[in-house]
Amino acid sequence: MGNGTELGRVRGLGSAKSGVHHWWMQRVTAVANVALLLWFVISLVRLPGLDHASVLLWLRQPVAAVPMLLLIASVFWHLRLGFQVFIEDYVHDEGAKLLALLALNFYALAGAAAGVFAVLKIALGA
Amino acid sequence: MAANRPTARPISPHLSVFKWRFTMAVSIIHRATGTALAFGGGVLFLWWLLAAASGPDAYAVFYSVARGPIGILVGVGLSWVFFQHLLSGLRHLYMDTGAGYGLAEARSSAVAVFAGAVLLTVLLWVAILSTKGL
């Protein structure tokens with residue numbers, strides 16, 4: 001703290017560039033993941049069975065579908081932020097780093113989209 | 001000058017030269033488990049969800065693999081990975097507040113993460129086996 005702008009210093013944000021936002025969102029999604037994943041694991045254990053019919057019956061309820069959508073968003077966001085740091089720490093070749101970051105972003109976004117689509121298809125019935 | 005140099009100098013952190021400690025192990029394993037969850041966990045989660053959305057035939061394929069010996073083994077492994085990452089993540093959040101950096105405290109919280117992850121994995125599978133059987 002103390003090297004940033006006057007406003008940044010007042011708010012205790014340091015230089016307050018995007019690194020702070022990255023760090024903060026990693027923590028926000030981490031806290032959300034704790035709640036959502038514990039809910040997910042406990043829900044699966046409490047289901048009468050994990051066969052197709054039981055899973056569909058469960059995911060058709062809004063109280064299951066909505067947390068599942070939040071879980072997908074939070075988990076894929078969190079893994080994108082976390083693995084970005086991993087790549088930046090260990091991949092030093094600029095070209096390989098760019099490709100790895102590109103692949104990570106595609107994986108995170110495509111994975112989240114596929115998961116959201118699956119939940120909506122089940123929840124909204126088809 | 002060179003003769004006075006201490007023989008055991010601190011070395012820069014790197015996997016191959018680091019001295020193994022609970023505190024460094026919990027940190028390295030946090031990254032390893034995070035990576036395993038991001039890709040292994042993520043892909044298996046999507047397979048389960050997309051199979052459920054695709055219909056009974058696609059789900060039957062997932063279900064038979066998941067309940068087979070490889071599926072159970074991966075399930076147990078992945079649940080340990082999940083609890084290990086969860087607990088070391090909670091330790092990170094606690095340390096983000098500026099607390100827990102004393103040598104003794106950091107070591108005991110690291111040991112607690114390892115012990116807790118194994119304990120929670122065992123409890124989860126006892127719950128699964130007692131409610132669902134194999």
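**Exercise 1. Find which residues of H2(A) meet which residues of H3(B), and sort them by class.**

*Solution.* Start on the chain A side: Arg27(A), Ala30(A) and Val34(A) are the residues of H2(A) that take part. Their partners in H3(B) are Leu86(B), Gly89(B), Leu93(B) and Asp96(B). Keep in mind as you look that this is a predicted model. Now sort by class: the contact of H2(A) with H3(B) has four nonpolar, one polar and two charged residues. If you wonder where the polar one comes from, remember that Gly counts as polar here.

**Exercise 2. Describe how H2(A) and H3(B) are arranged: are they parallel or oblique?**

*Solution.* Begin with the general idea. Two packed helices are described by the angle between their axes and by the distance between those axes. For helix H2 of chain A, residues 18-46, and H3(B), the angle is about 135° and the axes are 11 Å apart. Next, compare the angle with the cut-offs: roughly perpendicular covers 65 to 115 degrees, and roughly antiparallel needs an angle over 145. The angle of about 135° fits neither, so H2(A) is oblique to H3(B). Last, look at the handedness: H2(A) passes H3(B) in a left-handed crossing.

**Exercise 3. Now stay within chain B and describe the packing of H1(B) and H4(B).**

*Solution.* First, the geometry: H1(B) and H4(B) pack at about 50°, and their axes are 8 Å apart. Angles under 35 degrees would be roughly parallel, and the roughly perpendicular range begins at 65. The two helices are therefore oblique to each other. Their crossing is left-handed.

Second, the residues. H1(B) brings Phe22(B), Thr23(B) and Val26(B). On the H4(B) side you will find Ala106(B), Arg107(B), Ala110(B), Val111(B), Val113(B) and Phe114(B). Sorted by class, this contact has seven nonpolar, one polar and one charged residues.

**Exercise 4. Step back to the two chains: how many residues are in contact, and which element of chain B gives the most?**

*Solution.* Count each side: 21 residues of chain B are in contact with 20 residues of chain A. On the chain B side, the elements that give two or more residues are helix H1 (22-54), helix H2 (56-67), helix H3 (69-96) and helix H4 (103-132). H1(B) gives the most, with 10 residues. By class, the chain B side has 13 nonpolar, five polar and three charged residues.

**Exercise 5. Locate the largest nonpolar core and say which element supplies its largest share.**

*Solution.* This core has 33 residues. To find it in the structure, look for Ile72(A), Phe76(A), Leu79(A), Ala118(A) and Ala52(B), the residues with the most contacts inside it. Then trace the elements: helices H3 (52-59), H4 (62-90) and H5 (94-123) of chain A each supply at least two residues, as do H1, H2, H3 and H4 of chain B. The largest share, eight residues, comes from H4(A).

**Exercise 6. Summarise chain A, then decide whether Ser54(A) is buried, exposed or partly exposed.**

*Solution.* Chain A has five helices and zero strands. Of its 126 residues, 21% count as buried. Now zoom in on Ser54(A), which lies in helix H3 of chain A. Around Ser54(A) there are 13 other C-beta atoms within 10 Å. A buried residue needs 20 or more, while an exposed one has 12 or fewer. Ser54(A) is therefore partly exposed. Leaving aside neighbours within four places in sequence, Ser54(A) is in contact with Leu47(A), Pro48(A) and Gly49(A).

Methods: Residues numbered from 1 in each chain as written. Chains lettered and ligands numbered in written order. Predicted model: local features only at pLDDT ≥ 70, side-chain atom pairs only at ≥ 80, totals over all residues. Contact = placed C-beta atoms within 7 Å. Helix = DSSP H or I, 4+ residues; strand = E, 2+ residues; numbered from the N terminus. Axes fitted to C-alpha atoms, helices over the stretch in contact; angles between N-to-C directions. Left-handed = near helix turned anticlockwise from the far one by under 90°. Core = buried A, V, L, I, M, F, W, Y, C linked by C-beta atoms within 7 Å.
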